[in-house]
Amino acid sequence: LVQVKEAGDAKVAEIRAHMAKIRAILDQKEQVAIAAVNENLNMRLATLEGEVAGYKAVSPTLQQLVDDANAALKLAPNDPSSFVGQAQDLVPRIEKATSNAAALRPPTDDASFDHLQLNLLPPS
């Protein structure tokens with residue numbers, strides 16, 4: 001009976017040792033996964049920050065055009081000739097702002113995470 005208990009205890013110890021190794025491997029894989037996702041998110045944030053900077057550079061010009069167009073439209077019922085003059089002045093500005101805005105990169109809202117390989121362990 002003592003030998004059976006010792007054999008059982010040995011087997012339990014062996015299983016616990018294997019479980020500890022498995023847990024260590026899983027913990028290591030988790031750290032690799034977290035590091036990969038964090039790296040990808042940091043790259044994505046850098047890209048988005050660049051896009052936001054580009055949009056911020058164009059935004060004041062576009063807002064000024066919107067304001068000027070609204071002012072011209074309000075003037076139209078009372079002074080049609082001034083409206084025509086303002087509209088003609090706005091057209092080249094709108095064309096230039098449109099080409100500047102069109103040159104901006106499109107937003108990267110649908111960035112893929114498919115290239116991440118979360119099942120790789122770092123080299124030992």
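Trainee: How many helices and strands does the chain have?
Mentor: The chain has 2 helices and 0 strands. Keep in mind that this is a predicted model.

Trainee: Where do the helices sit in the sequence, and how do their axes cross?
Mentor: Helix α1 covers residues 2-75, and helix α2 covers residues 80-102. Their axes come within 10 Å and cross at roughly 160°. An angle over 145 degrees counts as roughly antiparallel, so α1 is roughly antiparallel to α2.

Trainee: Which hand does the crossing have?
Mentor: The crossing of α1 and α2 is left-handed.

Trainee: Which residues meet there?
Mentor: On the α1 side, they include Val-58, Leu-62, Leu-65, Ala-69 and Leu-73. On the α2 side, Phe-83, Leu-90, Ile-94 and Ala-97 are among them. Asp-68 in α1 and Arg-93 in α2 also take part.

Trainee: What's the mix by class?
Mentor: The contact of α1 with α2 has 13 nonpolar, 4 polar and 2 charged residues.

Trainee: Let's pick one residue. Where is Ser-82 found?
Mentor: Ser-82 lies in helix α2. It belongs to the set that meets α1.

Trainee: What about its partner distance to Ala-72?
Mentor: The C-alpha atoms of Ser-82 and Ala-72 are separated by 8.0 Å. Along the chain, the two are 10 residues apart.

Trainee: Why does Ser-82 count as partly exposed?
Mentor: Its relative accessibility is 27%. Partly exposed falls between the 20% and 50% limits, so Ser-82 fits that label.

Trainee: New topic. What share of the chain is buried?
Mentor: Buried residues make up 10% of the 124 residues.

Trainee: And the surface, how much is there?
Mentor: The accessible surface comes to about 9700 Å². Carbon and sulfur atoms account for 62% of that.

Key. Residues are numbered from 1 along each chain as its sequence is written. This is a predicted model: local features need pLDDT of at least 70, side-chain atom pairs count only at pLDDT 80 or more; totals for chains, interfaces and linings use all residues. Side-chain values use heavy atoms; hydrogens and water are left out. Helices (H or I, at least four residues) and strands (E, at least two) are DSSP runs, numbered from the N terminus. Buried means under 20% relative accessible area, exposed over 50%, partly exposed in between (1.4 Å probe, protein chains only). Accessible areas come from the Shrake-Rupley method with a 1.4 Å probe; for residues, only the protein chains shown count as cover. Axes are lines fitted to C-alpha atoms, for helices over the stretch in contact, and angles run from 0 to 180 degrees between N-to-C directions. Angles under 35 degrees count as roughly parallel, over 145 as roughly antiparallel, 65 to 115 as roughly perpendicular and the rest as oblique. A crossing is left-handed if the near helix is turned anticlockwise from the far one by less than a right angle, and right-handed if clockwise. Contact means heavy atoms within 4.5 Å. Ala, Val, Leu, Ile, Met, Phe, Trp, Tyr, Cys and Pro count as nonpolar, Asp, Glu, Lys and Arg as charged, and the others, Gly among them, as polar.
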